[in-house]
Amino acid sequence: MSPVKFVVALAALSAAVSMAVPAAMAQGDFPSRPIRLIVGFPPGSSADIAARVVGNHMTKVLGQQVIVESKPGAASSIAAAEVARADKDGHTLFMLSSANVINEQINPKLAFNIARDFAPVAMVNTTAIILAVHPSVGATDVKSLIAIAKSKPGQLNYASTGAGTVPHLSGELFAVRTGVKMLHVPYKGSPEAATDLLAGRVAMIFSPASAVIPHGKAGKLKLLATGTGVRLSVLPDLPTMAEAGVPDFETAIWFGLVAPAGTPRPVIDKIAKAVNEATAAPEAAKAWAPQGILPLKGGPDDLAKFIGVETKRWSDAATAAGLKK
């Protein structure tokens with residue numbers, strides 16, 4: 001080998017080693033301090049419930065505390081923007097949700113781009129959307145609710161977990177599919193929305209199942225239908241929207257863990273392994289099943305594909321609801 005070729009080969013080998021060493025060190029040294037898991041919805045929300053179950057298990061497996069921080073606002077966009085700017089070392093993570101995908105379709109001026117600014121880590125879970133009404137409305141099923149809404153066009157209001165969230169889009173799709181006119185009242189999260197519904201300050205809600213199931217079982221709210229394509233095991237008598245007479249209606253909230261784009265793949269894989277162990281653990285089923293929450297399993301590549309499919313689905317839904325910009 002000539003001296004020139006030897007130098008070139010040595011340089012190439014040195015570059016390869018210099019690239020491999022940080023990656024190996026990143027995986028071996030990670031985590032070196034507590035991990036922040038940022039949630040864009042309030043404590044007690046379905047996002048918060050998901051984060052705490054996953055975070056508790058990650059703490060045990062990774063040997064560093066996972067601190068769940070709730071930073072609600074703008075349909076989770078405030079929290080997302082913060083994580084997008086965070087260090088790319090795996091110590092700051094974000095609970096991405098369907099709300100973020102939807103908001104990207106209807107708000108072209110977001111401070112972040114999901115595909116550009118985040119690295120998918122792992123699937124977490126999905127939770128059903130339930131249509132519930134205050135007893136004062138007088139609706140006993142979906143058909144009677146539609147009749148009441150049509151007799152009072154624009155007078156019935158419905159709560160959601162914020163503009164651009166799945167509950168919001170669920171309400172818009174319900175209006176499109178049934179021909180009713182309703183007033184949307186956005187909140188920062190499901191706990192606040194459910195509180196106002198219980199007080200009768202709003203007539204109805206499209207809500208994550210976890211926020212309304214206890215009140216439905218207690219008789220404080222009337223649960224009318226689930227947005228899932230199949231009935232929930234925790235509420236076997238609750239019909240699906242299709243069964244209740246509203247075709248082509250299927251909505252649910254999902255959550256997946258992401259890191260800032262550029263986070264080393266070995267670090268992402270280490271986190272993904274811990275998350276998948278968490279969602280498969282008996283503790284997850286025990287905490288989630290009674291609230292209509294189902295675990296999802298999948299790593300970075302699975303979440304990336306899922307986000308692509310969901311982006312197309314919610315883009316179409318936003319167009320149908322007249323919200324696409």
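**Contacts, core and strand packing in the predicted model**

Among contacts between residues at least 6 apart in sequence, 78% join residues at least 24 apart in the protein. The model discussed here is a predicted one. Its secondary structure comprises 12 helices and 10 strands, and the C-alpha trace spans about 90 × 40 × 30 Å along the principal axes. Of the 325 residues in the protein, 53% are buried. The accessible surface comes to about 14,000 Å², and carbon and sulfur atoms account for 60% of that area.

A good place to begin a tour of the interior is the largest nonpolar core, which has 89 residues. Within this core, the members that touch the most others are Met58, Leu145, Phe174, Phe206 and Leu257. Strand β4 (residues 118-133) supplies the largest share of the core, with nine residues. A second core, separate from this one, has 18 residues, among them Ile130, Tyr187, Ala209 and Leu238.

Phe174 deserves a closer look. With neighbours within four places in sequence left aside, phenylalanine 174 is in contact with Leu131, Val142, Leu145, Ile146, Gly179, Val180, Met182, Phe206, Met241, Val246 and Phe249. Two of the residues in this list, Leu145 and Phe206, also appear among the core members that touch the most others.

Several of these partners lead on to helix α6 (residues 142-151), whose buried residues are Val142, Leu145, Ile146, Ile148 and Ala149. Viewed down the axis of α6, the buried residues fall within an arc of 165°, so they line one face of the helix. Lys143 and Ser151, on the other side of α6, are exposed. The cover over the buried residues of α6 includes β4, α7 (166-178), β7 (204-208) and β8 (222-226). At the start of this helix, a side-chain oxygen of aspartate 141 comes to within 3.4 Å of the backbone nitrogen of lysine 143.

Attention now turns to strand β3 (residues 92-97), where six of the six residues are buried. Cover is found on both faces of β3: Thr92, Phe94 and Leu96 are buried on one side, and Leu93, Met95 and Ser97 are buried on the other. Strand β3 pairs with β1 (residues 35-39) in the parallel sense, over three bridges. In that part of the sheet, leucine 37 stands opposite leucine 93 of β3. The pairing of β3 with strand β9 (residues 252-260) is antiparallel and runs over four bridges. Here phenylalanine 94 has valine 258 in β9 as its bridge partner.

A polar residue completes the picture. Threonine 251 lies in the loop between β8 and β9. Its relative accessibility is 1%, and because residues under 20% count as buried, threonine 251 is placed in that class. The side chain of threonine 251 makes a polar contact of 3.0 Å with the side chain of serine 170. Apart from neighbours within four places in sequence, the residues in contact with threonine 251 are Ile129, Val166, Ser170, Leu173, Gly227, Thr228 and Trp314. Serine 170 thus figures both in the polar contact and in this list of contacts.

Notes:
Residues numbered from 1 in each chain as written. Predicted model: local features only at pLDDT ≥ 70, side-chain atom pairs only at ≥ 80, totals over all residues. Heavy atoms only, no water. Core = buried A, V, L, I, M, F, W, Y, C linked by side-chain atoms within 4.5 Å. Buried < 20%, exposed > 50% of the residue type's maximum accessible area, 1.4 Å probe, protein only. Helix = DSSP H or I, 4+ residues; strand = E, 2+ residues; numbered from the N terminus. Contact = heavy atoms within 4.5 Å. Pairing = 2+ DSSP bridges. Arc of directions from axis to C-beta. Polar contact = N/O pair within 3.5 Å; in protein donor to acceptor, adjacent residues only side chain to side chain. Areas by Shrake-Rupley, 256 points an atom, 1.4 Å probe, with all protein chains shown as cover.
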